[in-house]
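Trainee: Before we look together, I would like to ask how the terms used for a model like this one are justified.
Mentor: Then let us take them one at a time.

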Amino acid sequence: MERVGVGVIGCGIGKWHVEGYRGEPRADIVAIAGLDTPRCNEVAAEANVPNVYEDYHQLLSRPDIAAVSVAVPNFLHVPIGLDAIAAGKHVLMEKPLARNEAEAETLVNAAENAGLILGMAFNRRARSDMQVLKAFIDEGGLGHIYHAKAFWRRRAGIPGMGTWFTSKEQAGGGPLIDLGVHVLDMVLWAMDEPDIVAVSGATYSEIGPKGVGNWSGNGFMPSDAYGFEVEDLAVGMLRTSSGATIFVEASWAAHTSDTDEFGIYLLGDKGGAELHVRDYASADTLRLFTTINGVPVDSTPRLPSKPQGAGHREIIGTFIDSIIGGTPMVPSGRDGLRRTRLIDAIYRSSEERRELILEPSTVTVAG
Ligand SMILES: NC(=O)c1ccc[n+]([C@@H]2O[C@H](COP(=O)([O-])OP(=O)(O)OC[C@H]3O[C@@H](n4cnc5c(N)ncnc54)[C@H](O)[C@@H]3O)[C@@H](O)[C@H]2O)c1
């Protein structure tokens, strides 16, 4: 069996990449890198990873590593991704691909020019409810989808006030780029990558700047380096070329009954679906709505159970398939670029307080 030597850069969510590679019989985890040496040592010890580096360049210089996962703060995705590509490594990038469309494009182009794989860790699409829903849609179960909602709402879930997460420069944005990108990925994948032609958005920053709404007990290291420079709520409406619409809503903090809820709702002419995950539940999260002999029928699929942390493991399986077998990497860097472009457009529409018309590769202002 052909094997792939891999490295993981970043030891926060990077731990789930390590777990994913550990469960992949065709991968050998050669090294991890990160600035927080004690946490990286812990992750390495748990998974028997033989090498830990503070400087990721040392990891990239190893000839026995063919592929890397990049799981570092958003502002480092592109520089570290480019370094990895320059070192000839395939890259699995954490979400979001980049802070904005321009830097995302640089990375996608670099990977394509080098003939290397750039994949995206959009792990939520690997959930079993999402897989069941996608198969139902692909069989025509919903018919023509004409409206959808994608949401991730938290009551008090700002991930680390004062850390890189709340720095505009370092994160690129707030809940839209952090959480919204996951549900945007889910809804666009569900709808088979519709062509988005117009975007309208608005963002608010009403709670974070008051110093409340922090996600307590999250283990992030707060610092005084940054204030709260991003939005705590973002909303958007996307129009597709076929006339379908998609609402997007993402909050880190809001006065609502939700604790931590995400999902997608879809309306089709033959059926509808509500995938709604409350507090990371793994069961009872999907409802399908159809009509049989004129009678409305609501059904609740029994979902195949998956181990905790599921998502990264499946994406990593596809990444390794792609490296060894040459099969297309899905989700790809281009998928990441399309989501980044839409997020950019929502932020820009919010700033300009008007709808933007999108062209194939650029965002231009309507009228
Ligand atoms: N897919 C998901 O479900 C999911 C969940 C959480 C975070 N994320 C994404 O993962 C990325 C990391 O988030 P996190 O929560 O792990 O953040 P974190 O702050 O907990 O960890 C960041 C890691 O990057 C390392 N790092 C920072 N600068 C570095 C450098 N110059 N060289 C090498 N390593 C460096 C740190 O040492 C640390 O190990 C972000 O892009 C975030 O959006 C994805």
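Mentor: A polar contact is a pair of N or O atoms within 3.5 Å; within protein, one must be able to donate a hydrogen and the other to accept it, and residues adjacent in sequence count only if both atoms are side-chain atoms. This is a predicted model, in which local features need pLDDT of at least 70 and side-chain atom pairs count only at pLDDT 80 or more, while totals for chains, interfaces and linings use all residues. Residues are numbered from 1 along each chain as its sequence is written, and side-chain values use heavy atoms, with hydrogens and water left out.

Trainee: What makes the pair formed by Lys95 and the ligand a polar contact?
Mentor: A polar backbone atom of Lys95 lies 2.9 Å from an oxygen atom of the ligand, and the limit is 3.5 Å, so the pair qualifies. A polar side-chain atom of His77 is 2.8 Å from a ligand oxygen, and an N or O atom in the side chain of Trp164 is 2.9 Å from an oxygen atom of the ligand. The protein covers 87% of the 850 Å² of accessible area that the ligand has on its own, as computed by the Shrake-Rupley method with a 1.4 Å probe.

Trainee: Why is the ligand said to lie between domain 1 and domain 2?
Mentor: Domain 1 (4-116) and domain 2 (124-310 + 341-358) both give residues to the shell around the ligand, so the ligand lies between them; the bounds come from an automatic or database domain assignment.

Trainee: Why are strand S3 and strand S6 said to stand at the edges?
Mentor: The open sheet of 6 strands has the order S3-S2-S1-S4-S5-S6, with parallel pairing, where two strands pair if DSSP finds at least two bridges between them and strands are DSSP runs (E, at least two residues) numbered from the N terminus. Strand S3 (51-53) and strand S6 (118-120) each have a single partner strand, so one side of each is left without a neighbour in the sheet.

Trainee: How do you know that S2 and S3 pair?
Mentor: Strand S2 (residues 27-33) is joined to S3 by 3 bridges, and the definition asks for at least two, so the two strands count as paired. Within this pairing, Tyr53 in S3 is the bridge partner of Ala33.

Trainee: What makes the peptide bond between Lys95 and Pro96 worth noting?
Mentor: That bond is cis, with omega about -10 degrees, whereas most peptide bonds are trans. The bond from Val330 to Pro331 is also cis, with omega near 0 degrees.

Technical notes. Helices (H or I, at least four residues) and strands (E, at least two) are DSSP runs, numbered from the N terminus.
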